[in-house]
Amino acid sequence: MKREITFTLNDDIVSVYVESDEKLLDVLRYKLGIKSPKQGCGRGECGSCSVLLNGKSVRSCIIYAVEIDGQKIETLEGIQKNGITKLQRSFVEHNAFQCGFCASGVTITMTEFLRKNPYPKIAEIKEALSGNLCRCTGYKSIVDAIADATKEGE
Amino acid sequence: MSSFDYFSPKTLEEAVQLYNEHSASARLLLGGTDLVNMINDEMIKTNAVIDLKNIAYLKQLELKDNHLYIGADVTFTELIESDIIREKFPVIWESSRKVASMGIRNRATIVGNICSSVPSADSAPALLIRETIVRVMSVNGKREIDIADFFIGPRKNALKENEIVINLKIPVLNKSFGGSYVKMGRYKGEDLAQVGVATLVTEDLQYRIAYCAVSPKPIRIKKAEQLLNGREFSVEFLKDVDTEIMNAISPIGDIRASKSYREKMSSVLLEKSLIASYSRLKGNKPEYGKELL
């Protein structure tokens with residue numbers, strides 16, 4: 001049973017026809033051309049498909065697109081619309097990612113986290129990051145980049 | 001072709017009606033962090049998914065008539081960010097922070113967590129020691145289930161086929177207390193509990209002890225509590241308490257821990273939890289949310 005859903009995607013209102021069991025991730029990537037969220041584990045554990053839903057990071061691979069009708073979705077495409085953010089610049093400076101597959105999810109998760117907690121402690125950064133798996137870096141460069149981007153007084 | 005039809009009722013009445021019509025094959029959807037994976041893995045087959053997130057009543061999180069009400073659509077993040085939970089239900093607050101990771105807590109609900117009824121449910125020990133009432137509704141009306149009777153076994157609970165959990169009702173404790181939830185996983189980040197224990201000590205020295213992940217269902221162990229009731233806490237009592245704990249639990253060995261490791265850790269974590277709870281009762285550290293392992 002196909003149905004039309006309408007939602008806000010990075011400040012644009014979009015409408016799209018979806019099947020009941022189509023995942024938000026697949027609709028974003030294959031119907032709407034939003035390629036920043038990636039499918040990693042496909043079961044909500046690795047965080048690489050993270051998007052912001054009404055400002056909160058969620059796993060788009062375990063959300064049905066039909067659930068999003070009337071809601072607000074933000075992806076990296078929206079967040080960096082006016083150029084890369086301070087956090088992203090810090091990731092670049094610290095060479096924080098190697099393959100980059102987790103980068104979008106990490107950036108989404110940290111974008112939410114830093115809006116709530118702009119000057120986090122290292123332990124808080126690590127806890128907030130614990131649902132985003134990176135298989136390249138051992139996390140140190142990622143945590144360093146976040147810590148650097150959030151130093152108090154900057 | 002979709003494998004199921006999707007419904008998003010706007011009222012409870014509509015929801016129970018729909019669920020009744022489709023009950024044998026329908027599934028209720030809140031955060032979906034368990035359900036969607038189970039459908040993906042074909043662990044369950046369903047031809048009707050009923051999304052409860054558009055029912056405003058289920059977003060309720062409020063104190064009323066000396067009880068806290070947590071609606072079925074309240075997420076762990078909403079609990080963590082609530083001042084009521086942090087101040088009056090600190091063990092629920094502490095254990096909510098231990099559930100999975102932020103991206104899951106933003107979506108997963110505490111009611112969904114207990115409805116999944118897995119033995120390791122992080123929210124269960126805290127709900128057990130606060131003597132939570134599970135309020136359910138079906139076309140036949142409403143009823144209340146004591147959380148101690150709610151869990152039956154792995155992924156099994158006392159809900160009838162057409163019943164929907166609408167909220168949790170938790171009595172406010174009108175005396176001072178200290179409590180804690182201690183969870184052990186294989187590593188500090190996101191993991192299911194190998195052992196989880198919640199304890200509570202009230203100013204009149206009544207103790208409450210509940211576990212997850214060490215028996216087929218989350219359990220409260222009153223026989224162990226009775227050995228402590230009325231006494232100022234001392235670790236010397238723990239030897240006797242341990243005997244009752246070992247009688248009550250029956251852990252399995254699995255990929256996360258062996259049976260004997262879970263047994264030993266059940267004692268170790270109980271000690272840590274009781275020390276923290278008693279210290280908090282007396283107004284001392286560790287503050288809630290502090291790592292207790």
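Hi everyone, let's start with a helix in chain B. Helix α1 of chain B, residues 12-22, lies across three strands of that chain, β1, β2 and β3. Against β3(B), helix α1 runs at about 165°. Before I go on, please keep in mind that this is a predicted model.

Now for the strands under discussion. How are they ordered in the sheet? The order is β1-β3-β2 in chain B, in an open sheet of 3 strands with parallel pairing. At the edges sit β1, residues 5-7, and β2, residues 26-29, of chain B, and each of these pairs on one side only. From one strand to the next, the twist averages 25°.

Let me zoom in on one of those pairings. Strand β2(B) is joined by 4 bridges to β3 of chain B, residues 48-51, and the two run parallel. If you'd like a spot to find on your screen, look for Leu29(B): its bridge partner in β3(B) is Asp51(B).

Let's move to where the two chains meet. How many residues does each chain bring to the contact? Chain A gives 22 residues and chain B gives 23 residues. On the chain A side, β4 (56-59) and α4 (103-116) each supply at least two of the residues that touch chain B. The largest share there comes from β4(A), with 4 residues.

And what kinds of residues make up that side of chain A? They divide into 8 nonpolar, 8 polar and 6 charged.

That's my tour, from the helix and sheet of chain B to the contact between the chains. Thanks for listening!

Technical notes
Residues numbered from 1 in each chain as written. Chains lettered and ligands numbered in written order. Predicted model: local features only at pLDDT ≥ 70, side-chain atom pairs only at ≥ 80, totals over all residues. Contact = placed C-beta atoms within 7 Å. Nonpolar A, V, L, I, M, F, W, Y, C, P; charged D, E, K, R; others polar. Pairing = 2+ DSSP bridges. Axes fitted to C-alpha atoms, helices over the stretch in contact; angles between N-to-C directions.
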